[in-house]
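Trainee: I'd like to learn how to read this model feature by feature. Take me through it, please.

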2 protein chains.
Amino acid sequence: MKQSIGVIDSGVGGLTVAQELMRQLPHERLIYLGDTKRCPYGSRSEEEVRAFTWEMVRFLLHKEIKLLVVACNTATAFTIDELKEQLDIPVIGVINPGARAAINASENKNIAVIGTEGTIKSKSYVKALQQIDANLDVYPLACPTLVPMVEQGIFSGDQAVEVAEYALEPLQPFHAFDTLILGCTHYPLIKDVIQHVVGDHVNIVSSSEETARETSALLDVMELLNTDVQHVIHEFYTTGDLKTFTEMAKKIFDENNSGRLNIHYEFARL
Amino acid sequence: MKQSIGVIDSGVGGLTVAQELMRQLPHERLIYLGDTKRCPYGSRSEEEVRAFTWEMVRFLLHKEIKLLVVACNTATAFTIDELKEQLDIPVIGVINPGARAAINASENKNIAVIGTEGTIKSKSYVKALQQIDANLDVYPLACPTLVPMVEQGIFSGDQAVEVAEYALEPLQPFHAFDTLILGCTHYPLIKDVIQHVVGDHVNIVSSSEETARETSALLDVMELLNTDVQHVIHEFYTTGDLKTFTEMAKKIFDENNSGRLNIHYEFARL
């Protein structure tokens, strides 16, 4: 029986989704692939993102996965429909779970969403939100400076606040919306900084957490949950430098007190 | 095409689920059936609850529903498996969504759950939680005095606090857990009272909100979302006194600022 959940991402952002999956589904085994060599995807063309995503998917299909999580908003925006159509396993992207959680959280129906240029230009969040409720007001904003900062390992401090303040400035006045979607899986790593900038009155929705929760629901409904309590060893692959990737993953899991995780790190040639 | 979401409940508690469904899915049409004549189900035998639930389900199947929400924890505890097995439409209960949201919310893995005698005795929440994470500590407590109070329309005030304090006393010390599941759809109506009693450090998870969110996710994944923006008229049926039921529903929707809802209320003979 196929037992693993496959997770693909353009790099390390998807580790926030992986972390939530491991926390919320401790009996499930993950196989993660981060395309760190070609990261970031955010400013790449649709064609490139689609080609790279399919390369990653093919790599994971050889590993016998039972469900695929596309843990990158840009890849979700450009490929989720064709992946759902062409794969015979369930596919979950990060956009719809984030949209649903935002609708659940918002009281005044004014929702802001930040993401990479690719995600925002694709209008995926606006479509996902307004398909469910046509009366929502959505404020989308591309924040191209945030991912490079996170990729450098800067998650807090004065410099982070300054970069975030400048990036979020076009969303002023911040009291116009009551909910902000972190439409990029890198952003949960600087959630505190973003909360500080927009103010405490804003509900911040992390598509990472919500995607893990919906994965849990879908595995349950489809009767694919791994119910054997067993010693789980996860496999994490990177297309880039193994040492940098491993260090970054450990830093992320550590800062979020993930406890002892049994992860085998390896280089992947696509 | 079947366009409505069917919702069944032992009485008025499920209105909190209906309210969230209408808020989170404004383009969907609901057909609600509350068995107020035979409410509450909480102290009834499993046999009775199963028989009554099937009568409600048959009533709704004649109305061409595309999905069934069992908005009553007691009915979910006793019938969800057989309903899922025997119906050819998707069936969602209130227990698993609440369990998943609690796992998402809890940091210390100590989760309390309150419900009716039937729900607590069935151990459904304990099973649902520990199936996902065997290392959770779960504190279940039956609170038989809360539903009768809510059914009398008492949602706040000194009397409500006193009743809740007495009912929740066995969960002391309240700092032993960081998350509390409201395992009965009546309880969201006294959420503020319960939060006041257990303290602000406790995350309170409402199975009503969470069930609406998972319904949204499931309709999306199964491509059953009603995407036509149209004038939606909901149908709400009661097996008991129509006037009392209508007044209670309006009071609940009103107190929660649900805005203008287009609902047709009617008596149902099962």
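Mentor: Start with contact: two residues touch if their C-beta atoms, placed from the backbone, lie within 7 Å. Helices (H or I, at least four residues) and strands (E, at least two) are DSSP runs, numbered from the N terminus. Residues are numbered from 1 along each chain as its sequence is written, while chains are lettered from A and ligands numbered from 1 in the order in which they are written. The model is predicted, with local features needing pLDDT of at least 70 and side-chain atom pairs pLDDT 80 or more, whereas totals for chains, interfaces and linings use all residues.

Trainee: Okay, helix pairs. Which residues of helix 1 of chain A meet helix 10 of chain A?

Mentor: From helix 1 of chain A you get A:Thr16, A:Val17, A:Glu20, A:Leu21 and A:Gln24. Across from them, helix 10 of chain A brings A:Ser208, A:Glu209, A:Thr211, A:Ala212, A:Arg213, A:Thr215 and A:Ser216. Sorted by class, that contact holds three nonpolar, six polar and three charged residues. For the classes, Ala, Val, Leu, Ile, Met, Phe, Trp, Tyr, Cys and Pro are nonpolar, Asp, Glu, Lys and Arg charged, and the others, Gly among them, polar.

Trainee: At what angle do helix 1 of chain A and helix 10 of chain A pack?

Mentor: Two packed helices are described by the angle between their axes and the distance between the axes. Here helix 1 (residues 15–24) and helix 10 (residues 207–221) of chain A pack at about 45°, their axes 8 Å apart. Axes are lines fitted to C-alpha atoms, for helices over the stretch in contact, and angles run from 0 to 180 degrees between N-to-C directions. Helix 1 and helix 10 of chain A are therefore oblique to each other; under 35 degrees would be roughly parallel, over 145 roughly antiparallel, 65 to 115 roughly perpendicular, and the rest is oblique. Helix 1 of chain A makes a right-handed crossing with helix 10 of chain A (clockwise turn of the near helix from the far one by less than a right angle; anticlockwise is left-handed).

Trainee: Now a pair in the other chain. How do helix 8 and helix 9 of chain B pack?

Mentor: Helix 8 (residues 158–168) and helix 9 (residues 191–198) of chain B pack at about 55°, with axes 9 Å apart. The crossing of helix 8 and helix 9 of chain B is right-handed. B:Ala160, B:Val161, B:Ala164, B:Glu165 and B:Leu168 in helix 8 of chain B meet B:Val193, B:Ile194, B:His196, B:Val197 and B:Val198 in helix 9 of chain B. That contact between helix 8 and helix 9 of chain B divides into eight nonpolar, one polar and one charged residue.

Trainee: On to the sheet. In what order do the six strands of chain A sit?

Mentor: They form an open, parallel sheet in the order 4-3-1-2-9-10 (strands pair if DSSP finds at least two bridges between them). Strand 4 (91–93) and strand 10 (263–267) of chain A stand at the edges with a single partner each, so one side of each has no neighbour in the sheet. From one strand to the next, the twist averages 20°. Inside the sheet, five bridges join strand 1 (residues 4–9) of chain A to strand 3 of chain A in parallel, and A:Ile8 has A:Val70 in strand 3 as its bridge partner. Helix 2 of chain A packs on the sheet, touching strand 1, strand 2 (29–34) and strand 3, and its direction makes about 160° with that of strand 1 of chain A.

Trainee: And in chain B, what does helix 3 lie across?

Mentor: Helix 3 (residues 73–86) of chain B lies across strand 1 (4–9), strand 3 (65–70) and strand 4 of chain B, running at about 150° to strand 3. Elsewhere, strand 2 (residues 29–34) and strand 9 (residues 234–238) of chain B pair in the parallel sense over four bridges, with B:Gly34 partnered by B:Thr238 of strand 9.

Trainee: What rotation superposes chain A on chain B?

Mentor: One of 180° with 0.0 Å of shift along its axis, at RMSD 0.0 Å, fitted by least squares on the C-alpha atoms of residues with pLDDT of at least 70 in both copies. The two copies are thus related as by a two-fold rotation axis.

Trainee: How many residues of chain A are in contact with chain B?

Mentor: 22 residues of chain A contact 22 residues of chain B. Helix 4 (95–105), helix 6 (124–132) and helix 10 of chain A each supply at least two residues of that side of chain A, and the largest share, eight residues, comes from helix 10 of chain A. By class, the side of chain A that touches chain B has nine nonpolar, seven polar and six charged residues. Also, 95% of the interface residues of chain A are interface residues in chain B too, so the copies meet through the same surface.

Trainee: Last one, backbone oddities. Where does the cis peptide bond to A:Pro173 start?

Mentor: At A:Gln172, with omega near -5°; A:Pro173 lies in the loop between helix 8 (158–168) and strand 7 (179–182) of chain A. Another cis bond joins B:Cys39 and B:Pro40, omega about -5°. Check A:Glu64 as well: phi is positive, about 60°, although A:Glu64 is not a glycine.
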